[in-house]
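Reader: Could you walk me through this structure, one question at a time? I'd like to see the reasoning behind each answer.

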Amino acid sequence: MAANISLISSGTSPYTVIYQVILVQVLVSVFLCINLLLISTFSKQEFFYTTTRYILFAVTLFSDSLFLIITDIMYILIYFRFTVQMWLCLIMCIFLSLYTFATPVTLTAMTLERYVAICRPLHHAELCSTRKAVHCILIIHCISSVPFIVIFSIFIDSAAHSFYTDNNKCNMDIFIVHKWQSHLWYAISQFYFLIMCIAIVCSYIKIMKVAKCASGENKKSSWKGLRTVALHALQLLLCLIQLWCPFIEAVISQINVMMYVNIRYFNYITFILAPRCLSPLIYGLRDDRFSRGLKHYFLCGLYKTWSEE
């Protein structure tokens, strides 16, 4: 959320700013509470942390939680004109970049796991073992690291040592030394999301074919998997739109300052915060085991069905 402070403060009343900040804090707090409750549920039963799809789900929860915390910190710093030392800003931006990509890459991995489970059930135990899940997590973080390594290595190579101890407003734009870096960032982002969209669409088509041919419980399981993949596609689309937002905002900033401020705030709520609450909706509330676990812990053990299984 690398907003321009002078633009935000020039035409927005203090009451509006405070209302917007409070709304963001409420939303972030709710999403974090849900994520922490789900992470707690995940850690309570061995079945969850020995099953690949739940392990990947926990990775998305962890990634989304860190992403929400970092974006919220930067949001507050920007809106209240706080300055920080640039070494700290650099660390926050590196993690922000990493977990911007980690969630959609993990969603793609979760979609492929559902594809294997439904379309290649005989190979599922071999391809989706706990050991393979750990390797998958490492690959996810390596893939997600490429954009910030490319961008920030160029900056680190050219920045003076004194820069890191300077106090300044923190946003990603500070670390874009050359204009072509920005184009390179968006090119890498679009390439990533093109590959992920192809993987999800192909998985959706394959699962749909299996669902049409299946019967009984297999048919029910296949159609549920199909709906899950569709929701993954929606979340990926929201993440993709997040990358298009700066282009739209750049055009609007030249037309109307207040519209630019309002659009940035709308984009932050809709395309940065909202996608991070879909993961709990998809697996935490729709999954039978997780929903029973949530009821059990939310009701302080009064819900006995899950614990007795």
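Reader: Let's go straight to Met 110: is it buried or exposed?

Author: Happy to start there, and please keep in mind that this is a predicted model. Met 110 lies in helix H4. Its relative accessibility is 2%, and the cut-off for buried is under 20%. Met 110 therefore counts as buried.

Reader: How far apart are the C-alpha atoms of Met 110 and Thr 52?

Author: Along the chain, Met 110 and Thr 52 are 58 residues apart. In space, the separation of their C-alpha atoms is 8.6 Å.

Reader: Are H3 and H4 roughly parallel or roughly antiparallel to each other?

Author: Helix H3 covers residues 52-79 and helix H4 covers residues 86-119. The two pack with their axes 9 Å apart, at an angle of about 155 degrees. Angles over 145 degrees count as roughly antiparallel. H3 and H4 are therefore roughly antiparallel.

Reader: And is the crossing of H3 and H4 left-handed or right-handed?

Author: This one adds a hand to the packing angle of about 155 degrees between H3 and H4. The crossing of these two helices is left-handed.

Reader: H3 also packs with H6; which relation does their angle give, roughly parallel or roughly antiparallel?

Author: Helix H6 spans residues 130-158, and its axis and that of H3 are 9 Å apart at an angle of about 30 degrees. Since angles under 35 degrees count as roughly parallel, H3 is roughly parallel to H6. As for the hand of this crossing, H3 passes H6 in one that is right-handed.

Reader: Which residue in the loop between H3 and strand E1 is found there with a positive phi, although it is not a glycine?

Author: The loop in question runs between H3 and strand E1, which is 84-85. The residue has a phi of about 60 degrees. With a relative accessible area of 52%, the residue is exposed, because the cut-off is over 50%. The residue is Arg 81.

Reader: Where is the salt bridge, and which residues form it?

Author: In general, side chains of opposite charge can pair when their charged atoms come close. A search of the whole structure finds 1 salt bridge. Both of its partners are buried, and their closest N and O atoms are 2.9 Å apart. The pair is Arg 114 and Glu 113.

Reader: What is the accessible area of the nonpolar patch on the surface?

Author: The patch is formed by Ile 18, Ile 22, Val 26, Val 30 and Ile 34. One of these, Val 26, is found in helix H2, residues 14-42. Val 26 counts as partly exposed because its relative accessibility is 45%. Together, the patch residues have an accessible area of about 400 Å².

Reader: How far apart in space are Phe 271 and Leu 237?

Author: Phe 271 has its place in helix H9, residues 257-273. With 13% relative accessibility, Phe 271 counts as buried. In sequence, Phe 271 and Leu 237 are 34 residues apart. From C-alpha to C-alpha, the distance is 9.3 Å.

Reader: To finish with the whole protein, how many helices and strands are there?

Author: Of its 309 residues, 47% count as buried. From the N terminus on, the elements run α-α-α-β-α-α-α-β-α-α-α-α-α-α. The secondary structure comes to 12 helices and 2 strands.

Terms used: Residues are numbered from 1 along each chain as its sequence is written. This is a predicted model: local features need pLDDT of at least 70, side-chain atom pairs count only at pLDDT 80 or more; totals for chains, interfaces and linings use all residues. Side-chain values use heavy atoms; hydrogens and water are left out. Patches are made of residues with over 30% relative accessible area and no salt bridge: like charges are joined within 9 Å, nonpolar side chains (Val, Leu, Ile, Met, Phe, Trp, Tyr) within 5 Å. Accessible areas come from the Shrake-Rupley method with a 1.4 Å probe; for residues, only the protein chains shown count as cover. A salt bridge is a side-chain nitrogen of Lys or Arg within 4 Å of a carboxyl oxygen of Asp or Glu. Helices (H or I, at least four residues) and strands (E, at least two) are DSSP runs, numbered from the N terminus. Buried means under 20% relative accessible area, exposed over 50%, partly exposed in between (1.4 Å probe, protein chains only). Axes are lines fitted to C-alpha atoms, for helices over the stretch in contact, and angles run from 0 to 180 degrees between N-to-C directions. Angles under 35 degrees count as roughly parallel, over 145 as roughly antiparallel, 65 to 115 as roughly perpendicular and the rest as oblique. A crossing is left-handed if the near helix is turned anticlockwise from the far one by less than a right angle, and right-handed if clockwise.
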